[in-house]
Amino acid sequence: MLCDCARTQTAVPLRQVSAAEVQAELKRFDAAVLAAEVKLREVQESVRRTLGKDEAEIFEAQVLLLRDVQLRDAVRALCLEKRMNVEAAVEEAIKQLMDLFGRLEDPYFRERATDLYDVGRRLLDHLAESGLPDVPVVHEGCVIVTSEILASVVARLEGQGVRGLIVEKGGLTAHATILARSLGIPTLVQVPEATAKIRAGDLVIVDALAGRAFINPQAEILRKYDQLDANLKVHQGVLKGLIDLPTVTHDGVEIKLCANIGQTADALAAANVKADGVGLYRTEFVFLVQDHFPSEDEQYQFYRATAEHLQPAQTVIRVLDVGSDKPLSYFPLPREANPAMGFRGIRLLLAHPSLLHTQLRAILRLSATHSVAILLPMIDGIDELRAAKAAIERAKAELAAAGLSFNHRIPIGAMIETPSAALLVRYLADEVDFFSVGTNDLVQFLLAADRIRGEMPSTYDPLHPAVIQLLAKLATVARGKGTPISLCGEIASDPSYTSLLIGLGFRSFSVSPGRLLDIKHAIRTTGVQQAENLAEEVLLLCSTRDIKARVQDDWNRRRPVSSPEIVPRCSYVARFSERHPEFADLVDRRDGDLN
Ligand code: PEP
Ligand code: MG
């Protein structure tokens, strides 16, 4: 199981260690203390040189806290008695001591609570550097049950044989969920108390189609799921028959259907289903699986290997959008109360020009031989867009001066994922070659509803009338300006929305490769006139509930007969292969029963 350390914004894994592992964990703690002290002494020395002796003394208190027996004893006790891994034990021990210090009368001790926090962060950083196993030790066929999970952790689950993921918090459009979906891991989010209810060794069925999980289910339920599994395979067979068919509506209108990818494996999956290209390459996943900033050459190789799969079709490479729910362990960012609205996307890159410059050089070099485009994330208006374009011009000039070739007319696009960009779309259109609408963020900012935590699931709803009105406006304005516009948010990957989106004016989508054939099917069974009628009706509705009912009704009439009920949170059913003798409660986050 994993939990998230909110303060440091890095994942602090919580896992049960075996008796045999405890000593090794304690040794890691001692090594981290030594390493943290060396680092602290270096900082102290540089402060002494630049600021003076008195200021440097401040660090003496932190060194003392690092060596504090109380801290060591608390960590030891948690490792030994609760069998916690050392990172989780450090986090917990620091929390306990901070509480204790915070309650003391003496202001000196109360101030030490802040030092303790710093000391804890340093220790966790060193533990991370010393090969922090931030991915739980997973067994082939297991289901991970966790309170929260970061995208960087999910990224490392690839190829580990994880059969399912159950997260107590999380959101359907959080990057961790998007990535889990692209890895084909059935994922349930917002399952309260999952970590308390499910124990190691339980037999768990994760039904990501219906959004339910069963713990140690009875034989009848197991039989039903074997049947559902078989039905799904039939459905997948039907979809495979669409690979070589054109993506056109049933009245002959062509729709461009590209793939959203994060890793090279996704590009292969996209190529296998004959995507029309990559509409969104989230390069942050290239960075998330590293422990250092990839160099220009490393990036070039990554991007090249990815674009290669889709050639000659275009790969739209989005420059780095880290921050928020995609922190990099090797790139400490300031603590923010609202990171999703803080230092991320293009504003972070503009503040770190060398980071942007390196990435742009890698992409531009690739443009010499491959069809690639640059996509700018989280643009909030004209000034940011122009600043980013100026950075592209600088990178071009440098390459030209060095005699390196690149595509001088490389297409440049802007993500439309902030309400400000959406409102300014007609002006932005004069500055870019294309738009990509990121509804995951756009919905979050338009409705002031968190896409990550999802504590209030009902407030984050892409079928909110304000979202629908805005999407209609975007499609109309872009068409009027002659600027290609594509939709790459998760709603494009949900076949029940396809008809509405076509009716609103979209003719290009970028979807997760695993859903591409479902969407192709939905497109091929939709007629433009029919879709426009639906959109016209929906645009007159001002209640989310009414819109949902109307869209669901349309989908129910068109859903492929072979398809089990597919909902956006769908991937497939997974069965954890170990059996536990005890019977545990059912965890169910939605109404309805299987029987
Ligand atoms: C979006 O916001 O819709 C989007 C596609 O970008 P991301 O999900 O990577 O934030
Ligand atoms: Mg986004």
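Select Arg550 to begin: this residue is buried, with a relative accessible area of 18%, a value that falls under the 20% limit for that class. The model in your viewer is a predicted one, and Arg550 belongs to its helix H23, which covers residues 544–558. Show the neighbours of Arg550 and, leaving aside residues up to four places away in sequence, you will find that it touches Leu534, Glu537, Val538, Leu541 and Arg557.

Before going further, zoom out to the whole protein. The secondary structure comes to 23 helices and 17 strands, and of the 595 residues in the protein, 57% are buried. If you display contacts between residues at least 6 apart in sequence, 68% of them join residues at least 24 apart.

Next, select helix H21, residues 516–524. Eight of its nine residues are buried, so H21 is largely enclosed by the rest of the structure. The buried residues are Leu516, Leu517, Asp518, Ile519, Lys520, His521, Ala522 and Ile523. What do these buried residues pack against? Their partners are the helices H9, H20 and H23, together with strand S8 (256–261) and strand S15 (508–511), so that H23, the helix in which Arg550 has its place, comes back into view here.Keep H21 on display and add helix H9, residues 219–240. The axes of H9 and H21 come within 9 Å and cross at roughly 65 degrees, which makes H9 roughly perpendicular to H21. The crossing of these two helices is left-handed. To see the contact itself, show the side chains of His235, Leu239 and Lys240 on H9, and those of Leu517, Asp518 and His521 on H21.

Now replace H9 with helix H20, residues 495–503. H20 and H21 pack at an angle of about 45 degrees, with their axes 9 Å apart, and that angle makes H20 oblique to H21. The crossing of H20 and H21 is right-handed, whereas that of H9 and H21 is left-handed. On the H20 side the contact is made by Pro495, Thr498 and Ile502, and on the H21 side by Asp518, Ile519, Ala522 and Ile523. Asp518 is worth labelling, as it appears in the contact with H20 and also in the contact with H9.

Move on to the aromatic rings, where the count of pairs comes to three. Select Phe287 and Phe293: their ring centres are 6.4 Å apart and their planes stand at 70 degrees, so the pair is edge-to-face. Which of the two classes, buried or partly exposed, does Phe287 fall into? Phe287 is buried, with a relative accessible area of 1%, while its partner Phe293 counts as partly exposed at 31% relative accessibility.

Another ring to select is that of Tyr300, together with Arg365. Arg365 lies over the face of Tyr300, at 4.5 Å from the ring centre.

For the last stop, select Leu172, in the loop that runs between strand S4 (164–167) and helix H7 (175–182). Leu172 counts as partly exposed, at 26% relative accessibility. Add Glu490 to the selection and draw the C-alpha to C-alpha distance: Leu172 and Glu490 are 8.8 Å apart in space, although 318 residues apart in sequence.

Key: Residues numbered from 1 in each chain as written. Chains lettered and ligands numbered in written order. Predicted model: local features only at pLDDT ≥ 70, side-chain atom pairs only at ≥ 80, totals over all residues. Heavy atoms only, no water. Phe/Tyr/Trp six-rings, centres within 6.5 Å; stacked < 30°, edge-to-face > 60°. Buried < 20%, exposed > 50% of the residue type's maximum accessible area, 1.4 Å probe, protein only. Lys NZ or Arg CZ within 6 Å of the ring centre and 35° of its normal. Axes fitted to C-alpha atoms, helices over the stretch in contact; angles between N-to-C directions. Helix = DSSP H or I, 4+ residues; strand = E, 2+ residues; numbered from the N terminus. Parallel < 35°, antiparallel > 145°, perpendicular 65-115°, else oblique. Left-handed = near helix turned anticlockwise from the far one by under 90°. Contact = heavy atoms within 4.5 Å.
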